[in-house]
Amino acid sequence: MAQQDGPAAPGNHRGPEEHRTSTVEKGPFCSAHCSCGWRGPARRARSLARTDAEGHARV
């Protein structure tokens, strides 16, 4: 299941260079993914995956 998080949620378009992050669950793990192709590490806690996504979106 994909979930949009934080400032990259739908409706908050800021331009083509904006990173759109989401979290993706696979079994007991959750990882952050970005529209630029970046993927965060698999985490057991969704909150950590969201933190990874927020950190990437700030870069």
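Is Ser31 buried or exposed? With a relative accessible area of 13%, Ser31 is buried, because buried means under 20%. Keep in mind as we go that this is a predicted model.

Let's stay with Ser31 for a moment. You will find Ser31 in strand 3, which covers residues 29-34. Set aside the neighbours within four places in sequence, and Ser31 is in contact with Ser22, Thr23, Val24, Gly40, Pro41, Ala42 and Ala49. The side chain of Ser31 also has a polar contact with the side chain of His33, at 3.1 Å. Now look across to Arg50: Ser31 and Arg50 are 19 residues apart in sequence, and their C-alpha atoms are 8.1 Å apart in space.

Next, let's visit helix 1, made of residues 46-58, where Ala53 has its place. Ala53 counts as buried because its relative accessibility is 1%, and the cut-off for buried is under 20%. What does Ala53 touch, leaving aside its neighbours within four places in sequence? Its contacts are Thr21, Ala32 and Trp38. Ala32 deserves a second look: Ala53 and Ala32 are 21 residues apart along the chain, yet 5.4 Å separates their C-alpha atoms.

Asp52 is found in helix 1 too. At 18% relative accessibility, Asp52 counts as buried. Not counting residues up to four places away in sequence, Asp52 touches Ala32, Trp38, Pro41 and Arg43. Two of those names, Ala32 and Trp38, may ring a bell, as Ala53 is in contact with both of them.

Asp52 leads us to the charged pairs. How many salt bridges does a search of the whole structure find? The search finds three, and we can take them one by one.

Asp52 takes part in one of them, with Arg43 as its partner; the closest N and O atoms of this pair are 2.9 Å apart. The two residues fall into separate accessibility classes. Asp52 is buried, with a relative accessible area of 18%, whereas Arg43 is partly exposed, with 26%.

Another salt bridge joins Glu25 and Arg46, with 2.8 Å between the closest N and O atoms. This pair links distant parts of the chain: Glu25 sits in strand 2 (residues 21-26) and Arg46 in helix 1, 21 residues apart. Glu25 counts as partly exposed at 30% relative accessibility, and Arg46 also counts as partly exposed, at 45%.

The remaining salt bridge brings together the side chains of Glu54 and Arg58, at 4.0 Å from N to O. Why are Glu54 and Arg58 separated by about one helical turn? It is because they are four residues apart in helix 1. As for their surroundings, Glu54 counts as partly exposed at 35% relative accessibility. Arg58 counts as exposed because its relative accessibility is 67%, and exposed means over 50%.

Looking back, helix 1 is a good place to trace once more in the structure. Ala53 lies there, buried at 1% relative accessibility, and Arg58 lies there as well, exposed at 67%. From helix 1, Arg46 forms its salt bridge with Glu25 in strand 2, and Asp52 forms its own with Arg43.

Note on methods
Residues numbered from 1 in each chain as written. Predicted model: local features only at pLDDT ≥ 70, side-chain atom pairs only at ≥ 80, totals over all residues. Heavy atoms only, no water. Helix = DSSP H or I, 4+ residues; strand = E, 2+ residues; numbered from the N terminus. Buried < 20%, exposed > 50% of the residue type's maximum accessible area, 1.4 Å probe, protein only. Contact = heavy atoms within 4.5 Å. Polar contact = N/O pair within 3.5 Å; in protein donor to acceptor, adjacent residues only side chain to side chain.
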